[in-house]
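Thank you all for coming; I would like to walk through one model this morning, going from its strands to its side chains. Please have the sequence and the structure open as I speak.

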Amino acid sequence: MNKILLLLAIFILLQITGANSQYLIAVQNGNTVTLFSHLDSALNNANSGDTVYVPGGVWNIGTYQISKEIHIIGNGFHPDSTKPGLLSRIAGQFQFRIGATNSSFEGFELNGSFVFIANEIIENICISRVKFE
């Protein structure tokens with residue numbers, strides 16, 4: 001009886017761990033990857049040039065000012081129906097400031113907007129496979 005309870009407890013723990021891990025945001029800096037549970041924390045802790053991988057789900061950022069080169073890649077706004085996963089949906093506004101040059105955004109649905117701040121030189125922003133709602 002104790003063995004069955006122990007196996008059941010391990011199985012439940014693995015299920016909970018596996019379910020939660022799919023909602024972690026990965027920030028890659030070279031060969032180092034750091035995981036976050038909130039998008040704003042991931043963006044705040046990312047260094048210039050880092051890539052932020054956003055899993056499927058809804059992520060609220062409010063208004064977020066980008067003043068460093070950053071690359072945000074989502075799971076897609078229309079993921080392949082043959083693969084498990086949800087679309088990546090970001091709710092909020094990205095404001096580009098000086099330093100955001102060469103940033104890129106790919107593969108998510110944005111329920112909000114991208115805003116370029118007047119009188120600030122920001123170049124080479126790549127926005128692809130982003131659906132605006």
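**Strand pairing and side chains**

Let me begin in the sheet, where Ile 90 stands opposite Leu 110 in E7. This is a predicted model, in which local features need pLDDT of at least 70 and side-chain atom pairs count only at pLDDT 80 or more, while totals for chains, interfaces and linings use all residues. Residues are numbered from 1 along each chain as its sequence is written, and side-chain values use heavy atoms, with hydrogens and water left out.

When I say strand or helix, I mean a DSSP run, of at least two residues for a strand (E) and at least four for a helix (H or I), numbered from the N terminus; two strands pair if DSSP finds at least two bridges between them. On that basis E6 and E7 pair in the parallel sense over eight bridges. E7 is also joined by six bridges to E8, and these two run parallel, with Phe 132 in E8 as the bridge partner of Leu 110. Strand E5, residues 71-74, has three bridges to E7, again running parallel, and here His 71 is partnered by Ser 104 of E7.

Turning to the interior, the largest nonpolar core (buried Ala, Val, Leu, Ile, Met, Phe, Trp, Tyr and Cys residues joined through side-chain atoms within 4.5 Å) has 25 residues, and those with the most contacts inside it are Leu 39, Val 52, Phe 94 and Phe 108. Among the elements that give two or more residues to this core are helix H2 (39-45), strand E6 (88-96) and strand E7 (104-116). Contact means heavy atoms within 4.5 Å, and, not counting residues up to four places away in sequence, Val 52 touches residues including Ile 25, Leu 39, Ala 42 and Ile 72.

What about the aromatic rings? The structure holds seven aromatic pairs, where rings of Phe, Tyr and Trp (its six-membered ring) pair if their centres lie within 6.5 Å, and planes under 30 degrees apart count as stacked, over 60 as edge-to-face and the rest as tilted. Phe 96 and Phe 116 form a stacked pair, at 4.6 Å centre to centre with 20 degrees between the planes, and this pair links Phe 96 in strand E6 to Phe 116 in strand E7, 20 residues apart. Phe 96 is buried, with a relative accessible area of 0%, whereas Phe 116 is partly exposed at 47%; buried means under 20% relative accessible area, exposed over 50%, and partly exposed in between (1.4 Å probe, protein chains only). Ring pairs also link Phe 94, Phe 96, Phe 105, Phe 114, Phe 116 and Phe 132 into a cluster.

Finally, the charged side chains. If a salt bridge is a side-chain nitrogen of Lys or Arg within 4 Å of a carboxyl oxygen of Asp or Glu, the count comes to four. In one of them, Arg 89 meets Glu 109 at 2.5 Å, N to O; Arg 89 lies in strand E6 and Glu 109 in strand E7, so the pair ties together parts that are 20 residues apart in sequence. Glu 109 counts as buried at 5% relative accessibility, while Arg 89 is partly exposed at 28%. Glu 120 and Arg 97 form a salt bridge at 2.6 Å, N to O, and because Glu 120 lies in the loop between E7 and E8 and Arg 97 in the loop between E6 and E7, the pair ties together parts that are 23 residues apart in sequence.
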